[in-house]
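Visitor: I have a fold open on my screen and I'd like to learn how to read it. Could you walk me through it feature by feature?

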Amino acid sequence: MRRILLLGLVAFALVACAKPKPPAGRWEGAYESGGTLIAARLEIAPDGGVRVSAPDLTDVADEDRDGARTRLAGDLAAGWDQVAPRTFDFDGETFRKPGGIAPQMIWKEKTRRMSLVVYLGTRPGLRIPLRAVDGFSDDPFMR
């Protein structure tokens, strides 16, 4: 009986210490505030490889906003095939570059929500909420 209990405790400890597996899927979204626009795509493969792209434009004038959205959506789609998978450290909620400190993506398992954190220059990170998609759209701004 003690052996069975000990084996059960060892098995529980191994499972509890197992590295969390990132969620596989596709997400996209966009950010607009002031003169800053960002279009984003994220894909996580079942093996944990992460492809992410988030082209941005800053200091966009109000009268140029529609053209800027179109340009970013086109840049995102045109460059997606060249985005190579990368690995990230994942603790069950936060993705970080290997050995890094700054969060790159945030996954909320309970609500199944993904956010991408984008750093532009010396500004604090911008959290972009992403929506889960089966296939990427031509317009991440959802116009």
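**Reading the fold, surface first**

Guide: Let's begin with the outside: the accessible surface of the protein comes to about 9,100 Å², and 56% of that belongs to carbon and sulfur atoms. Keep in mind that this is a predicted model.

Visitor: And how much of the protein is buried?

Guide: Buried residues account for 36% of the 143 residues.

Visitor: Which secondary structure elements should I look for, and in what order do they run?

Guide: You'll find 2 helices and 9 strands. Starting at the N terminus, the order is α-β-β-β-β-α-β-β-β-β-β. For the contacts, take pairs of residues at least 6 apart in sequence: 47% of those contacts join residues at least 24 apart.

Visitor: Now pockets. What's the idea behind finding one?

Guide: Rolling a probe the size of a water molecule over the atoms shows where empty space is left. Here, the largest pocket has a volume of about 190 Å³.

Visitor: Which residues line the largest pocket?

Guide: The lining is made of V52, S53, A54, R86, F88, K97, Q104, L116, V117, V118 and Y119. Two elements, β3 (50-53) and β8 (113-118), each give two or more residues to it. The top contributor is β8, with 3 residues. By character, the lining splits into 7 nonpolar, 2 polar and 2 charged residues.

Visitor: Let me pick one of those, S53. Is S53 buried or exposed?

Guide: The cut-off for buried is under 20% relative accessible area. S53 has 18%, so S53 counts as buried. You'll find S53 in strand β3.

Visitor: What does S53 touch, beyond its neighbours within four places in sequence?

Guide: S53 is in contact with A39, A40, R41, L76, W80 and V83. For a sense of distance, S53 and I38 sit 15 residues apart in sequence, with their C-alpha atoms 9.9 Å apart in space.

Visitor: W80 is on that contact list. What's its relative accessibility?

Guide: W80 has 6% relative accessibility, so W80 is buried. W80 is also handy for learning to read aromatic pairs: the structure has 3 of them. In one, the ring centres of W80 and F136 are 5.2 Å apart and the planes meet at 70°, which makes the pair edge-to-face because planes over 60 degrees apart fall in that class.

Visitor: Where do W80 and F136 lie in the fold?

Guide: W80 is in the loop between α2 (65-79) and β5 (89-90), while F136 is in the segment after β9 (126-133), so the pair ties together parts 56 residues apart in sequence.

Notes. Residues numbered from 1 in each chain as written. Predicted model: local features only at pLDDT ≥ 70, side-chain atom pairs only at ≥ 80, totals over all residues. Heavy atoms only, no water. Phe/Tyr/Trp six-rings, centres within 6.5 Å; stacked < 30°, edge-to-face > 60°. Helix = DSSP H or I, 4+ residues; strand = E, 2+ residues; numbered from the N terminus. Buried < 20%, exposed > 50% of the residue type's maximum accessible area, 1.4 Å probe, protein only. Contact = heavy atoms within 4.5 Å. Areas by Shrake-Rupley, 256 points an atom, 1.4 Å probe, with all protein chains shown as cover. 1 Å grid on protein atoms, 1.4 Å probe; cavity = no way out; pocket = protein on both sides within 12 Å on 5 of 7 lines; lining within 4 Å. Points joined across faces, edges and corners; volume = space filled by probe spheres on them. Nonpolar A, V, L, I, M, F, W, Y, C, P; charged D, E, K, R; others polar.
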